[in-house]
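Trainee: Could you take one part of this model and go through it slowly with me? I'd like to look at the place where two chains meet.

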Amino acid sequence: MREEIRAMQESMEGCGYVAEPEIATAVFLAAEMKKPLLIEGDAGVGKTEVAKVLARLLGTELIRLQCYEGLDVQTALYEWDYPRQMLRVRMGEQEGRSPGEIESVIYSRAYLLERPLLKAITRRDGPPVLLVDEVDRADDGFEAFLLEVLSDFQVTIPELGTVRAEHVPFVVLTSNRTREIGDALRRRCLYLYIEHPSLEKEVRIIRSRVPGASERLAAEIGRFVQALRNRQLLKVPGVAETIDWAQALVRLHREHLDVETVQQTLGCILKDRNDLNDVRGAELAALVGEAAAMG
Amino acid sequence: MIGADLVAHVARFGRALRERGVRAALSDEVDGVEALTLADLSDRAEVRRCLAIALKIRPRDAAAFDELFERFWAQADPSRKTARRSERRPKPNPGAPLRRFGGLPGAAAEADRERETRRGDTPGYSPEASLRRKAFEECSPAELSAMESIVERLALRLATRKSRRLVPTRGRGRMDLRRSFRDAVATDGEFLKLARRARAVEEPRLVVLCDTSGSMDPHTRFVLAFLLALKKAAPRTELFAFNTSLVRLTPWISAEKLRRTLERLSAAVPGWSGGTRIGESLAEFVALYRDAMLGPKTVVVIVSDGLDRSDTAALARAMRAIRSRARRVIWLNPLLGDPRYEPTARGMEAALPFIDVLAPAHNLESLERLLPLVAA
């Protein structure tokens, strides 16, 4: 393995993110090749976390654009500050300025509200990390627009002219695959698919994120959640849920799993009524027993 | 891998991937080469990781990728260099189905076998010869006009959809400050009129896949009337019929009288009223029309009873492919109205996870109830 990739892996781990070689390699390549990184995977496997850790690692700002259906250019890129512009126009009139003068004042950077994409491009002190979260939720028109911004890292504002990136930001896109991302956007990026973690990795994640959890508790939680993922569930718990659960158990001063505690706290990891009913049935005792016995 | 051969290797690897149906473009190969220049080429796992990341290998293509990677790595190994020329191009997968319209010789026999096993236990199922023409009785005029008005309303609802995107409008809507203000600058800062925006109305593309097998017979006529109305409300609707194979009906549909259209259709579809192979038919649709017809604005309507004893894994695969591309998948099942029917048919079960709306469609009432369900 290349020294730089190993170093990346270690420093991500230093920031509390247990990264497999795949993840460290993808982040390293994206940084070296200056390409956006598209991360797909089930909910809660730590897609968004990659961007956060990266920002911490680089000591830079994380700029986040949360996508949703109907997200438009005004919300993503920029908007003019209309109320202030309007006041300025009135003042200008009273001062007897010419319309041309007023216009050149109100359509200047001072009256521009920067939204995440523009903010990422215009940041002066070093490249930021731009997180475009859940890009699958935006509509395909927005995807095309995003493609344009990510290709050129420049934006044209009709009243102002073209704004070029001071530094090319480090871009991370995430998708839950509720819809297939277009091929064009996919090609612009490097691609990483994050799977649910292995038992060994999950236990390490619990140990690193919830220091209060004993080795025994972490192992039992890990085995229990792994067993849950093998069942037919509507909402499979992700690592995020595992961490929540571990924190809850530590708060309750539990050193190991027992049926009663699991019964009471199962809502931390299973967030669907049908799933809860399924698991709470007769098998819960067996699942807990298995998770506890193997240690 | 050897540094000087890197470009050629990646190019051959890309071509091999494409032969296996993995979408890898030239630009992906360029990324692949660049990534490999950054990798430790003596570390097999790292080369594999870098290639997978740069070539954008999705989970569903991972198996093909891994297999090809094994082969290429072995060939590129300097100690086995001589083996490279002879077996450098992997053969295209012989198992890949290359299906065409019409009867495959094996398909008819399989359909017969399938019929043997399900004879008599299926509501509405007809055990007669699969290649036969049907005459359609006509509804009473009153029934027909009542049906048409409901069907047209439903079709219109299916065919239009309010987007969350806002577009300029002359009517009511949310105020558009940006444009209002710009207009006001032209009139010395006076707001003479306010610009507004409202949600855009999109015309989604409808793709209707209609089961015309024997078990669907009692419903086919009614359902086809519905489909014709749909086609009228949304001209971009595409219609397909399937039983043991898939036929595109769109060219056969016209605004003519229902009866004549139906006659022409029954002549155009081989195996009308025969057995069903839903999985294979939908797989055929995916293979032939996915790229052209499925997109984020496509609503896919499948009309079928889900009575299919062939490969349910193929059905699930096809449904997954359709679901991943389309905006919404609606399954109309005429048998849901039949008290004898339980929605546990294996085909139905396999398709269920990939359906947004499952609704009965056996009479006017059921179609009326469908209206709020499909509201945009």
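**Where chain B meets chain A**

Mentor: Sure! Chain B puts 33 residues into the contact, and chain A puts in 33 residues as well (two residues are in contact if their C-beta atoms, placed from the backbone, lie within 7 Å). Keep in mind that this is a predicted model, where local features need pLDDT of at least 70 and side-chain atom pairs count only at pLDDT 80 or more, while totals for chains, interfaces and linings use all residues. Residues are numbered from 1 along each chain as its sequence is written, and chains are lettered from A and ligands numbered from 1 in the order in which they are written.

Now find the pieces of chain B that touch chain A. Helix 2 (26–37), helix 3, strand 1 (161–169), helix 8 (177–186) and helix 12 (312–325) of chain B each give two or more residues. Helices (H or I, at least four residues) and strands (E, at least two) are DSSP runs, numbered from the N terminus. On this side of chain B, helix 3 gives the most, with six residues. Sort the side of chain B that touches chain A by class and you get 15 nonpolar, three polar and 15 charged residues; Ala, Val, Leu, Ile, Met, Phe, Trp, Tyr, Cys and Pro count as nonpolar, Asp, Glu, Lys and Arg as charged, and the others, Gly among them, as polar.

Let's stay with helix 3 of chain B, which covers residues 44–54. Its buried residues are B:V47, B:R49, B:C50, B:L51, B:A52, B:I53 and B:A54 (buried: 20 or more other C-beta atoms within 10 Å of a residue's own). Just past the end of this helix, B:K56 has a positive phi of about 55 degrees.

Zoom in on B:I53. Leaving out residues up to four places away in sequence, B:I53 touches A:T25, A:A26, A:L29, A:L190, A:Y191, A:L192 and B:A35. B:I53 is also listed with A:V27, A:L37, A:V172, A:L190 and A:L192 as having the most contacts inside the largest nonpolar core, which has 98 residues. Such a core is a set of buried Ala, Val, Leu, Ile, Met, Phe, Trp, Tyr and Cys residues joined through C-beta atoms within 7 Å. Another core, of 46 residues, lies apart from that one, and B:L228, B:L230, B:V303 and B:L307 are among its members.

Finally, step back to all of chain B: it has 14 helices and nine strands, and 35% of its 376 residues count as buried.

Technical notes: A residue is buried if 20 or more other C-beta atoms lie within 10 Å of its own, exposed if 12 or fewer, and partly exposed in between; C-beta atoms are placed from the backbone.
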